[in-house]
Amino acid sequence: MASTVSTPRSMPQSGRLGSLDSPRSWASPAPFSGPETDNISNADEGEELLSVSWNQDYGCFAAGTSNGFRIYNCDPFKETFRRDLQGGGFGIVEMLFRCNILALVGGGSHPQYPLNKVMIWDDHQSRCIGEFVFRSEVRAVKLRRDLIVVILEHKIYVYNFTDLKLLHQIETLANPRGLCCLSYDPNTSVLACPGLRKGEVRVEHFGLKVTKFISAHDSNIACATLTVDGLLLATASTKGTLIRIFNTLDGTRLQEVRRGLDRADIYSIALSQNMQWLAVSSDKGTVHVFNLRVRVPGDNGPNQNKVAAVAHSPVMTHQNSSSSLDALMPQNTGANTSSSLAFMRGVLPKYFSSEWSFAQFHLPETTRYITAFGAQNTVMVIGMDGSFYRCSFDLVNGGPMVQREFIRFLNADSQRPKP
């Protein structure tokens, strides 16, 4: 499927986009002078939440609504700014860390833009600086400081952020969820997406010019995420019972944890920044936290050394050596729960020897939730019903998490930014 890229006549020279290395703050955004702004004080009434998405460091999230979009800071929680519009809604609002650049796609019953168009919006300049038009609906958009990635149902386009030139085209199996994840470490450039076979993940190490295909599951991929450096990949299938962690360089499966026995629709998978914890949300209404028993050797050193260490580490190549993995677990944190019948591994069904979650947080089974890790031992959850939760878990004993904060952000006038 061909794409069309256009830029306005007044678009800055490509070098100007290089200033993204020092992005402007959201603190004092310029007026949204593209679509007409609606200043009616009761704009919240009847407003529908169409999408929520974290920024790359999980410090903020964007909410697309039937009337515009909003940006929220997570800690402390507050609405940073909003754009209430008369024109229509946004089904995709993708942030680039905390800078002034957004990728926007229309959504809802009255979309602001066609569903096959991606607008790259500079909110500081209050104008579009790039536009992509496709022959089919855009399923997702992902941003790095150097890349714009547009996901269609059967194809992924990768563009250079500086000049908007097309760099890569990737064919995928049917991908209605728009599954695609990126590494955000500036020293690595990794993309993971569905392959061309059921249950397969394709991993592109752009910097190394290496493509790896991983047979992750027997069923279709339902969710996937990468660590910040792209060296570890976590996946779940449409069955939704198991989450698997892989080395992206050689495809080795490093760990497998069990969410439950019943089928579930996995909404999100999150990896903590220190690569010690993994969280999963699903339609079962419970957020599960697992102890991640995989460590990247030399993770305090230069990234190139880290990549080399992962590629040659015995921990990353001997997935069945539980003793070597156990040796990597910190002594001051607990382990995932195992069945008391785990000693009969190979005799009883596989789930008796599974690793179960270390900590849990129960939510109403009424909406879709996405989760991420906050500071220290906290987990954040956003619901498509306009809810925000912050909870904490015991690093040693695990068990039920404790709710620390709850906010109805969509209609919370107290969270509006001060004029």
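Which residue stands opposite K78 in β5? That's N73, and I'd like to start from that pair. One thing before we go on: this is a predicted model.

So, β4 and β5. Strand β4 covers residues 68-74, and 7 bridges join it to β5 in an antiparallel arrangement. The link between the two is a hairpin, with 2 residues making the connection. Now look at β5 itself, residues 77-84. Of its 8 residues, 7 are buried, so the strand is largely enclosed by the rest of the structure.

What about charges in there? E79 and R82 form a salt bridge through their side chains, at 2.7 Å from N to O. Is E79 buried or exposed? E79 is buried, because its relative accessible area is 2%, and the cut-off for buried is under 20%. R82 comes out at 11% relative accessibility, so R82 counts as buried too. And there's a third partner: a network of salt bridges links E79, R82 and D84.

Zooming out for a second, the structure has 16 salt bridges. Let me show you another couple, both involving E256. With R244, the closest N and O atoms are 2.7 Å apart. E256 sits in strand β21, residues 253-258, and R244 in strand β20, residues 242-247, so this pair ties together parts that are 12 residues apart in sequence. Both of those residues are buried; for E256 the relative accessibility is 15%. E256 also meets R253, side chain to side chain, in a salt bridge of 3.7 Å, N to O. R253 is partly exposed, with a relative accessible area of 27%.

Next, a sheet. Here we have an open sheet of 5 strands, in the order β22-β23-β24-β27-β31, and the pairing is mixed. Which strands are at the edges? Those are β22, at 266-271, and β31, at 399-400, each pairing on one side only. On the β22 side, the partner β23, residues 277-282, pairs with β22 in the antiparallel sense over 5 bridges. If you want a spot to look at, find I269, which stands opposite V280 in β23.

Last, the whole chain. We're looking at 419 residues, and 57% of them are buried. The secondary structure comes to 4 helices and 32 strands. If you take contacts between residues at least 6 apart in sequence, 48% join residues at least 24 apart. As for the surface, the chain exposes about 18,300 Å², with carbon and sulfur atoms supplying 48% of that.

Note on methods: Residues numbered from 1 in each chain as written. Predicted model: local features only at pLDDT ≥ 70, side-chain atom pairs only at ≥ 80, totals over all residues. Heavy atoms only, no water. Buried < 20%, exposed > 50% of the residue type's maximum accessible area, 1.4 Å probe, protein only. Pairing = 2+ DSSP bridges. Contact = heavy atoms within 4.5 Å. Areas by Shrake-Rupley, 256 points an atom, 1.4 Å probe, with all protein chains shown as cover. Salt bridge = Lys/Arg side-chain N within 4 Å of Asp/Glu carboxyl O.
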